[in-house]
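Hi there,

Here is the structure I promised to pass on to you. Please have a look at it first; my notes follow underneath.

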Amino acid sequence: MHNQVIQCFEGILLNLCCLKDFFELVIGALFYFFESFVRLFVQPPPKDVEGEIVLVTGAANGIGKLIAKEFGRHGATLVLWDVNWEALDRTARELRRILDVRVYAYACDCSRRTEVYKVAELCVLHQVRREVGDVSILVNNAGVVTGKYTFTEAPDNLVDRTLRVNVAAHFWTYKSFLPPMISRNHGHLVCIACHGGLFAMNGLSDYCASKFAAVGFAESIALELLVLKKERIKTTIVCPYLINTAMFGGCQTNFLPAKLGIIFVNFFGGLDLMDRFRGVPVPAASYKKRQREDSVGDPLYYN
C-alpha cells in the first residue's frame, strides 16, 4: 500500500511537470511570435560598435571590405585578414585614408589551421591586445567557390579548399578568439554564410555543404553560449542570396527568396544559375610567406 501511494504521487508530479513544460512552450511560442510580429514594424536600435575591436576575415575585397568599412565608419578598430596580401595592403591603406580609426592588416590563409593559430597568437593576440585590447567582434567572412562543375567533375583539391575555407576556418578562429570573450562575457560572433546554407543549389554541392555546415556550427555555438549563460556574447548568422561581386560573376538570379522552395527556384532559374559562371578563382597562395617566424603576418597599421 505504501509503495502504491508513492507511485501515485510520483505519477501526479510527473504529469504536473509535463503540464508545466507544455504551458511554458505555449506561452514562449506566443511571446516570440508576437515579438517577431512587432519587429516587422518596430526595429530594435542598431548595435553600438564604437570602441569595439572587429576582426574581419576575407577583408581585402567584396563583402569583407564593405563590412570593414561600415564598422570603421561607426568607430570600431579594424583587424583585417586575407590570403591576398597585396589587395589587403591596398584596402588597409584606403580605409585608413578615409576613416579615422586604427587599421591592422595581416596576411593569413584561413584554410590552414596552424597558420590561423600562429597569426592569432603572434600578431593579433599579442600586438592588438597590447595596443587596443582583445578582439570583441569576429566576422567570419572569408569564402571561396569551386566554380562551374558537377560534383563528379570538381577537382578534389578545390573541393577540399572550399570545405577548409568556408567552414573549417570558423572552428580555428572561434578557438582563437572566443575564450577571451567568454572570460569577459562580452563579444559578438558573426557568420557570413549564404542562402545556399539553407537551401541547396545545383552546381554548388561542395559550396552548399560548407555553408550548411557553417550555419549549423554557428547555431550550435549560439546554443552552447546560451547554456553557459553568456548572454552578453551575441551571435549573428547572415544568409544573403547571391551578391553582385567577382566571386559569383555571371550568375543569374531572380528577385524572389529561396524560401519559396525548389519549384520557385527552378522556375526562376535557380537550378541553372551557374551556367554562365565566370567568377574570379581564388589562388592557392597569393602572398609570399615571411622567412622569419616572428615576422609572419607583419601588420600594416597606423597609430
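**The second largest pocket**

Helix α2 provides the largest share of the lining of the second largest pocket, with five residues. Please keep in mind as you read that this is a predicted model. The volume of this pocket comes to about 550 Å³. It is lined by 20 residues, and those closest to its centre are I67, E70, F71, V190 and T236. Two or more lining residues come from each of α2 (62-73), β4, β5 and β6. Sorted by class, the lining of the second largest pocket has 15 nonpolar, three polar and two charged residues.

**The overall layout**

Stepping back from the pocket, the protein has seven helices and six strands. Along the sequence they follow the pattern α-β-α-β-α-β-α-β-α-β-α-β-α. The protein has 303 residues, and 42% of them count as buried.

The six strands make an open sheet with parallel pairing, in the order β3-β2-β1-β4-β5-β6. Which strands stand at the edges? They are β3 (103-107) and β6 (233-238); each has a single partner strand, so one side of each is left without a neighbour in the sheet. Direction ignored, neighbouring strands of this sheet are turned by 15° against each other on average.

For a look inside the sheet, try β4 and β5. Strand β4 (residues 137-140) runs parallel to strand β5 (residues 187-192), and four bridges join the two. One residue to pick out is N140, whose bridge partner in β5 is C191. Both β4 and β5 also turned up above, among the elements that give two or more residues to the lining of the second largest pocket.

**Enclosed space**

Now for the cavities. Rolling a probe the size of a water molecule over the atoms shows where empty space is left. How many cavities of 30 Å³ or more does the structure hold? There are two.

The largest cavity holds about 70 Å³ of space. Its lining consists of V145, T146, G147, Y149, T150, F151, A154, V159, G203, L204, S205 and D206. By class, these residues divide into six nonpolar, five polar and one charged.

In the second largest cavity there is about 50 Å³ of space. The residues lining the second largest cavity are V124, L125, V128, G133, D134, V135, F177 and P180. Helices α4 (113-131) and α5 (156-184) each contribute at least two residues to this lining, and α4 gives the most, with three. Six residues of the lining of the second largest cavity are nonpolar, one is polar and one is charged.

**Salt bridges**

D134 is a good place to move on to the charged contacts. Besides lining the second largest cavity, D134 meets R129 in a salt bridge between their side chains (2.6 Å, N to O). Are these two partners buried or exposed? Neither end of that scale applies: D134 is partly exposed at 24% relative accessibility, and R129 is partly exposed at 40%.

Elsewhere, salt bridges that share partners join D109, R112 and R161 into one network. Within it, D109 and R112 form a salt bridge in which the closest N and O atoms are 3.4 Å apart. D109 has a relative accessibility of 4% and therefore counts as buried, whereas R112, with a relative accessible area of 43%, is partly exposed.

A further pair sits within a helix. D89 and R93 both belong to helix α3 (residues 85-98), where they are four residues apart, about one turn of the helix. Their side chains meet in a salt bridge (2.9 Å, N to O). D89 counts as buried, at 18% relative accessibility, while R93 is partly exposed, with a relative accessible area of 43%. The cut-off matters for D89: buried means under 20% relative accessible area, so at 18% D89 counts as buried.

These pairs are among the nine salt bridges that a search of the whole structure finds.

That is what I have for you. Enjoy browsing!

Best wishes

Notes. Residues are numbered from 1 along each chain as its sequence is written. This is a predicted model: local features need pLDDT of at least 70, side-chain atom pairs count only at pLDDT 80 or more; totals for chains, interfaces and linings use all residues. Side-chain values use heavy atoms; hydrogens and water are left out. A salt bridge is a side-chain nitrogen of Lys or Arg within 4 Å of a carboxyl oxygen of Asp or Glu. Buried means under 20% relative accessible area, exposed over 50%, partly exposed in between (1.4 Å probe, protein chains only). On a 1 Å grid over the protein atoms alone, a cavity is a set of points where a 1.4 Å probe fits but cannot get out, and a pocket is an open set with protein on both sides within 12 Å along at least five of seven lines; lining residues have an atom within 4 Å of a point. Grid points are joined across faces, edges and corners, and a volume is the space filled by probe spheres set on the points. Ala, Val, Leu, Ile, Met, Phe, Trp, Tyr, Cys and Pro count as nonpolar, Asp, Glu, Lys and Arg as charged, and the others, Gly among them, as polar. Two strands pair if DSSP finds at least two bridges between them. Axes are lines fitted to C-alpha atoms, for helices over the stretch in contact, and angles run from 0 to 180 degrees between N-to-C directions.
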